[in-house]
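Colleague: I would like to learn how to read a structure of this kind, one feature at a time. Could you take me through it?

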There are 2 protein chains.
Amino acid sequence: MRTEEALTEKLIKEKARILFFQKGLLDATTQEIADEAGVNRALIHYYFRSREQMLETLLDETLLEKKEKVRSILVSNLPFREKIACYINALVDYGLAYPYLDNFIISETARHPEKIRIFCSRDRIKSSDLIREQLAEEIANGKIANISPEHFMVNLSALCNYPLLAKSVLQTIHGMTDVAYRKFLNERKRVIFRTIFNEEMPQHLANTELTKNRL
Amino acid sequence: MRTEEALTEKLIKEKARILFFQKGLLDATTQEIADEAGVNRALIHYYFRSREQMLETLLDETLLEKKEKVRSILVSNLPFREKIACYINALVDYGLAYPYLDNFIISETARHPEKIRIFCSRDRIKSSDLIREQLAEEIANGKIANISPEHFMVNLSALCNYPLLAKSVLQTIHGMTDVAYRKFLNERKRVIFRTIFNEEMPQHLANTELTKNRL
DNA sequence: ATACTGTTTAACAATTTTGTTAAACATCAA
DNA sequence: TTGATGTTTAACAAAATTGTTAAACAGTAT
């Protein structure tokens, strides 16, 4: 049945995503994935041929989704600071959903350097190029200290992504519950803006839902 | 022979470190480790009983080494900005030697949450507590925008560690050779200081070797 | 030389994990 | 009902990986 087929396939992908990118079990076995989805392990091979291919599909789809989300913000014609605020919100929010996605890619590319091209192939334009002019303008106007677009974007990614990657460690060191950690990450959105611009994030941008509507 | 014993054991640990923490092959097999060291695989069991126990030893030793390096800077009585400059230099330099150490811990703790305690057990004092007073003073004097010690330290770790973790991806996106990437990371030391303090890193602190001598 | 110690090796056993296959099952159309 | 199609399952085979063991080896002291 067509609808059922789509359902099972989707179910497997969804549960695999949770294991890989949410729980960080980057070497989850086909059995574990099948268990999580409550289906027979052979179905993974039925739908995806091999564990390898399932992973490729999964990464491709997930990355595309994230990149589109993020890219649309950078190419928008919002004023620079609003744009960056949106970017921070999107990155942190996406990271809250799939904290281990970046970690997964880092591990995969270390193991299989030849696959880096696959992950990066879709990005014909470097994200640092998308903010080059606006950043230059900001610097020229003395609104921000001199910095290259590359370092600026690395700073931004680092500040947003690292606390998500290091979740378990940070949570333990500071003795935070899951709720407290989520709160900490939401605080961070404003902290990051302040760190980058040395200035308070405008109140009307501080709420994710609102910023979404601005696009 | 006593000296030989020490040699082989050390050799295995050294090569395992390279595989795990330098090359990022976080699921390297005992065979791969043995090959890298040019010894028989059974020796790993002879010296460490199991792969598991070797890993534990390795992590314990490596982390202790790094933490001591880093801790000594934070407890020193250097002026705040010099202290942070040293900290940045140390973190980036250590990361250049073992770029995947953090990534490894992140993956391990995701897989075995019960082990987090082990990794964190030695830290009786949170690093954020070590800079609390100095940071408060800095803020009181209006030398830096208001920020909690926790967020300050997370910012610092993020800015230093993330580019090391994401090495392969960043290198590919920006088409950098290994040499270029190393240069980029050294530039970053000053970029990070500027991002944190919104002010140039003093020239005399910019060189790692010099900062080492100041302790 | 010989016996003793600790080190290293090859061969083996046990386990885990992936991938395959044939049969059972369900749904739908003729 | 029967047959065709696609889905799901259990059972099996193959490969990879860890851990064990007995024997070979090297050096040292007696």
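Modeller: We shall go from the fold to the interface and then to single residues, keeping in mind that this is a predicted model.

Colleague: Which secondary structure elements make up chain A, and how many helices and strands does chain A have?

Modeller: Begin with the elements and then look at the extent of the trace. Chain A has 13 helices and zero strands, and its C-alpha trace spans about 60 × 40 × 35 Å along the principal axes.

Colleague: What share of the residues in chain A is buried, and what share of the contacts joins residues at least 24 apart?

Modeller: Of the 215 residues in chain A, 53% are buried. Among contacts between residues at least 6 apart in sequence, 66% join residues at least 24 apart. As for the surface, chain A exposes about 10,300 Å², with carbon and sulfur atoms supplying 50% of that area.

Colleague: How should I read the interface, and how many residues does each chain bring to the contact?

Modeller: Take the residue counts together with the buried area. Chain B and chain A each bring 47 residues to the contact, and the area buried between them is about 4,200 Å², of which 65% comes from carbon and sulfur atoms. Within the area that chain B buries against chain A, Ile106(B), His151(B) and Tyr162(B) supply 16%, more than any other three residues.

Colleague: How many salt bridges and polar contacts cross the interface of chain B and chain A?

Modeller: The rule finds two salt bridges across the interface of chain B and chain A. One is formed by Arg111(B) with Asp27(A), where the closest N and O atoms are 2.6 Å apart. Polar contacts between chain B and chain A amount to 20 residue pairs, with both residues at pLDDT 80 or more.

Colleague: Which helices of chain B supply the side that touches chain A?

Modeller: At least two residues each come from helix 6 (101-111), helix 7 (116-121), helix 10 (149-165), helix 11 (167-173) and helix 12 (178-197) of chain B. Helix 10 of chain B gives the largest share of that side, eleven residues. By class, the side of chain B that touches chain A has 22 nonpolar, 15 polar and ten charged residues.

Colleague: Turning to single residues, is Lys13(A) buried or exposed?

Modeller: Here the cut-off is needed, since buried means under 20% relative accessible area. Lys13(A) therefore counts as buried, because its relative accessibility is 14%. Lys13(A) sits in helix 1 (residues 2-22) of chain A, and, not counting residues up to four places away in sequence, it touches Phe48(A), Thr57(A), Leu58(A) and Glu61(A).

Colleague: Which residues are in contact with Ile44(B), leaving aside its neighbours within four places in sequence?

Modeller: Ile44(B) belongs to helix 3 (residues 42-48) of chain B and counts as buried because its relative accessibility is 0%. Its contacts, with those neighbours left aside, are Ile12(B), Thr30(B), Ile33(B), Ala34(B), Arg49(B) and Met54(B).

Colleague: What should I look for in the backbone angle phi of Arg49(A)?

Modeller: The general idea is that most residues other than glycine have a negative phi. Arg49(A), although not a glycine, has a positive phi of about 75°, and Arg49(A) is found in the loop between helix 3 (42-48) and helix 4 (51-75) of chain A. Arg49(A) is exposed, with a relative accessible area of 65%.

Colleague: Where does Arg49(B) lie in chain B?

Modeller: Arg49(B) lies in the loop between helix 3 and helix 4 (51-75) of chain B. Its phi is positive, about 75°, although Arg49(B) is not a glycine, and with a relative accessible area of 67% Arg49(B) is exposed.

How values were computed:
Residues are numbered from 1 along each chain as its sequence is written. Chains are lettered from A and ligands numbered from 1 in the order in which they are written. This is a predicted model: local features need pLDDT of at least 70, side-chain atom pairs count only at pLDDT 80 or more; totals for chains, interfaces and linings use all residues. Side-chain values use heavy atoms; hydrogens and water are left out. Contact means heavy atoms within 4.5 Å. Buried area is the accessible area (1.4 Å probe) that two parts lose on being put together, summed over both. A salt bridge is a side-chain nitrogen of Lys or Arg within 4 Å of a carboxyl oxygen of Asp or Glu. A polar contact is a pair of N or O atoms within 3.5 Å; within protein, one must be able to donate a hydrogen and the other to accept it, and residues adjacent in sequence count only if both atoms are side-chain atoms. Helices (H or I, at least four residues) and strands (E, at least two) are DSSP runs, numbered from the N terminus. Ala, Val, Leu, Ile, Met, Phe, Trp, Tyr, Cys and Pro count as nonpolar, Asp, Glu, Lys and Arg as charged, and the others, Gly among them, as polar. Buried means under 20% relative accessible area, exposed over 50%, partly exposed in between (1.4 Å probe, protein chains only). Accessible areas come from the Shrake-Rupley method with a 1.4 Å probe; for residues, only the protein chains shown count as cover.
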